[in-house]
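Q: Hi! Could you walk me through this one?
A: Happy to, here it is.
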Amino acid sequence: MLWRRVPVSVCIVPGFHFNYSLLPLQLARSVSSLKVVWRKDPKLDEAIENDKKYKVCARVVREVLNEPGQVIPLRYLEKRRERLHLKVKVRTFLDQNPALFDTYQDRIRPRTDPVPFLRPSARLKLFLEEEKRINAHNEGLIVSKLCKLLMMSTNRVISADKLVHVKREFGFPNDFLVNLVPRYPQYFHLVGSPGEGKSFLELVSWNPDFAKSVIQIRAEEESRMTGIRTRPNFHVKLPQGFFLRKEMREWVRDWLELEYISPYQDVQHLDQGSPQMEKRTVGVFHELLSLSLFKRIPVPILGKFTDDYRFSNAFSSVFTRHSGIFYMSLKGGIETAMLREAYKDGVLIDRDPLHEIKDRFVELLEEGRRERAEQMRIRRESLEKELKMRAMENASAGNRDLLDEGMKSGKGM
């Protein structure tokens, strides 16, 4: 098989220790001393902005579903607007999204006056059933994601509470620790009870099929298609109008020539500040973002895994230092790491199979909004017709009055 010449080499062999004295002079510099100016990417920012309405609606739905009996007094929800980041009143939200909830009257306590309550609509219940179906169909994918998160960690164990906190980032079902994990004892062991003190999810067995990163799989697929052996490496593409200083360009060039280090590889022998550790850290972030549902994760959430994945305290600088691989959005006042290669012109093209759940939810929202727009159109046309009828009646009455006055004037003469 032929070899394809790309700026990369094969993975480190276990037990192999790199001779740092052989590094090019540019790479000998401290990684932390390398500075790249952050530059705004409007198209990627827009991708986050476009999801705002969807996320607010999903947040409100979760709030209602988490209530006992999945019902809530409207005024209780109104008091939670700030926490839900809901900028309009609840009644306005309901008018804007009529497909989500039904409103009915009930008593909060016995012998009190009935007040408006909310409950899931029939259409929302159908969506929730569809969500269960999609999760069941992709259960193998969910299991592999969970295994991969554990396999990349230093001790193959992660706090259960941390995993619950990131479940929506990776598309895990709400009850994955209760219903999914126990069905796979060959992979997982849950220690303690989540939410009740210290609880951890441990990896029971190592599956070599899961120990391949997206980059390695991509290189293998390209090798099969071309017949030329492709060595794994990152796709680097700077956004239009973005330039690096000469010294940084040289550093990146030499850094890309270093061997790719799999995020599933044991790297305890590597120095935290070495270029090789930087290569591994970038690989872990690339893999985490690739496993995520929307190929982006808020930086504060990634920060919760600093100890689990051996990130440095200043790990977020990686996203600006490698601006051809990542983009760090500041949209909404939150730092969000995004994978550049997953987007084209601000549109997500690397779609996770679990993304279908969002598609179905957005369809539900759009269906309700179309119905509302149609009702408003009919109401507006009815009002316009009524106003025209009244105008015609008023004009007719005015003509009769003029005619009567004319007749009275004629008789007076």
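**Core, helices and sheet**

Q: How many residues are in the largest nonpolar core?
A: There are 97, and Leu 100, Phe 101, Leu 149, Phe 188, Leu 288 and Phe 361 have the most contacts inside it. Such a core joins buried (under 20% relative accessible area, 1.4 Å probe, protein chains only) Ala, Val, Leu, Ile, Met, Phe, Trp, Tyr and Cys residues through side-chain atoms within 4.5 Å.
A: This is a predicted model, where local features need pLDDT of at least 70, side-chain atom pairs count only at pLDDT 80 or more, and totals for chains, interfaces and linings use all residues. Residues are numbered from 1 along each chain as its sequence is written, and side-chain values use heavy atoms, without hydrogens and water.

Q: Which helix gives this core its largest share?
A: Helix 7 (residues 139–152), with eight residues; helices are DSSP runs of H or I, at least four residues, and strands are runs of E, at least two, numbered from the N terminus.

Q: Which residues of helix 13 does helix 7 meet?
A: Arg 280, Val 284, Glu 287, Leu 288 and Leu 291 are met by Lys 145, Lys 148, Leu 149 and Met 152 of helix 7, with contact meaning heavy atoms within 4.5 Å.

Q: Switching topic, what is the strand order in the open sheet?
A: The order is 9-11-10, with antiparallel pairing; strands pair if DSSP finds at least two bridges between them.
A: Strand 9 (296–298) and strand 10 (326–329) are at the edges with a single partner strand each, so each has one side without a neighbour in the sheet.

Q: And what is the bridge partner of Ile 297 in strand 11?
A: That is Ala 337. Strands 9 and 11 (residues 336–339) pair over three bridges.

Key: Buried means under 20% relative accessible area, exposed over 50%, partly exposed in between (1.4 Å probe, protein chains only).
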